[in-house]
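Please read the following account with the sequence and the three-dimensional view side by side, turning the view as each element comes up.

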Amino acid sequence: MRHEPATAVSFDFGQTLVELDTGMLSARLAERGVVAPREQLDAAVDEGWRAYNEAIRRGVSGHPWKIMMRRLLEAGGVAADALDAVVDWLWTEQPRKNLWRRPIAGMIDVVIELRQAGVPVAVLSNSEGRLADLVDELGWSAHFLAIADSGRLGFEKPGREIFAWTAERLGAPLAAVVHVGDSLAADVDGALAAGMRAVWFKGDPRRAAQMPDAERIAVCDGAGALRRALRDFGLRF
């Protein structure tokens, strides 16, 4: 099937533009008397995101953040009797000290290149309501025409509403927007269902190739491959 060239891009935030700062997480846990070395947390990150994706697929109500963090900490060696209290505390602290702040190499450079070429770009994230503050803290506010923060909007991925809200602010029809994100359930499935195209960041190429909408999906493992994927979808930058 032939598709019109894409004209705009939206980016997930956590695990796409930035990753979990496990050093900061370790330090925050230490404030509560919980010992979890950064190296152990690094090794547990993938397990946490598997739990997150499964929660999205099951349609778990509320924010799956706590499910992800609980599984990450459990896999990172935090004692079972401390998990619930520390996860609740981290959740309440997240708006004040967001743990997702370590830039992923090269990704913001792609955003800047898109904007310099006149391509409208947005952030589209399931977040806690203060994502715009964090983007500003990182010095990135000027690069995005819109920030779709589910915590402020009251609707979240993979629901169509947040994708439609973002496309409207980008001034493009849903079919002309490419969404870039790491979560198959929230980002890829959500974007495709809304009518967008999707780049699955650090996804599984074989699984993507077997999906019904494979022609609307690309997979990349870093900034270089992302550039190629976006250009293949017709973006000129």
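What follows goes from the nonpolar interior to a helix pair, then to a single side chain, and finally to some backbone details.

The structure is a predicted model, and every statement below should be read with that in mind. Its largest nonpolar core has 60 residues, and those with the most contacts inside it are F11, L25, M69, L73, V199 and L230. Among the contributors to this core, α2 gives the most, with 6 residues. A second core, separate from the largest one, has 26 residues and includes F155, F163, V188 and A198. To see how one of the well-connected residues is placed, one may select M69, which, when residues up to four places away in sequence are not counted, touches L25, V87, L90, L99 and W100; of these, L25 is itself listed with M69 among the residues with the most contacts inside the largest core.

Another residue of that list, L230, leads to helix α11, which spans residues 223–232. In this helix A223, A225, L226, R227, A229 and L230 are buried, and because buried here means under 20% relative accessible area, it is natural to ask what covers the buried residues of α11. The cover includes the strands β1 (8–11), β6 (177–181), β7 (197–201) and β8 (217–220), together with the helix α5. A general property of helices is useful when looking at such a list: an α-helix has 3.6 residues a turn, so residues three or four places apart point the same way.

The contact between α5 and α11 can be described in more detail. The axes of α5, residues 107–116, and α11 come within 9 Å and cross at roughly 35°, and the crossing in which α5 passes α11 is right-handed. On the α5 side the residues involved are M107, D109, V110, E113 and L114, which meet A223, L226, R227 and L230 of α11. Divided by character, the residues of this contact comprise 6 nonpolar and 3 charged, with no polar ones. Just after α11 the chain reaches G234, which takes a positive phi of about 105°.

Returning to α2, which covers residues 38–58, one may look at D42, a residue of this helix. Is D42 buried, partly exposed or exposed? D42 has a relative accessible area of 36% and is therefore partly exposed. Leaving aside residues up to four places away in sequence, D42 touches T22 and R102, and with T22 there is a polar contact of 2.6 Å between the two side chains. K97, by comparison, is 55 residues from D42 in sequence and lies 19 Å from it in space, C-alpha to C-alpha.

The last features concern the backbone. Most residues other than glycine have a negative phi, and most peptide bonds are trans. Against that background, Q15, in the loop between β1 and β2 (18–20), has a positive phi of about 70° although it is not a glycine, and K202, in the loop between β7 and α10 (205–209), likewise has a positive phi, near 60°. As for their surroundings, Q15 counts as buried because its relative accessibility is 13%, whereas K202, at 54%, counts as exposed. A cis peptide bond, with omega of about 10°, joins K157 and P158, and P158 lies in the loop between α7 (150–153) and α8 (160–170).

Key
Residues are numbered from 1 along each chain as its sequence is written. This is a predicted model: local features need pLDDT of at least 70, side-chain atom pairs count only at pLDDT 80 or more; totals for chains, interfaces and linings use all residues. Side-chain values use heavy atoms; hydrogens and water are left out. Axes are lines fitted to C-alpha atoms, for helices over the stretch in contact, and angles run from 0 to 180 degrees between N-to-C directions. Helices (H or I, at least four residues) and strands (E, at least two) are DSSP runs, numbered from the N terminus. A crossing is left-handed if the near helix is turned anticlockwise from the far one by less than a right angle, and right-handed if clockwise. Contact means heavy atoms within 4.5 Å. Ala, Val, Leu, Ile, Met, Phe, Trp, Tyr, Cys and Pro count as nonpolar, Asp, Glu, Lys and Arg as charged, and the others, Gly among them, as polar. Buried means under 20% relative accessible area, exposed over 50%, partly exposed in between (1.4 Å probe, protein chains only). A polar contact is a pair of N or O atoms within 3.5 Å; within protein, one must be able to donate a hydrogen and the other to accept it, and residues adjacent in sequence count only if both atoms are side-chain atoms. A nonpolar core is a set of buried Ala, Val, Leu, Ile, Met, Phe, Trp, Tyr and Cys residues joined through side-chain atoms within 4.5 Å.
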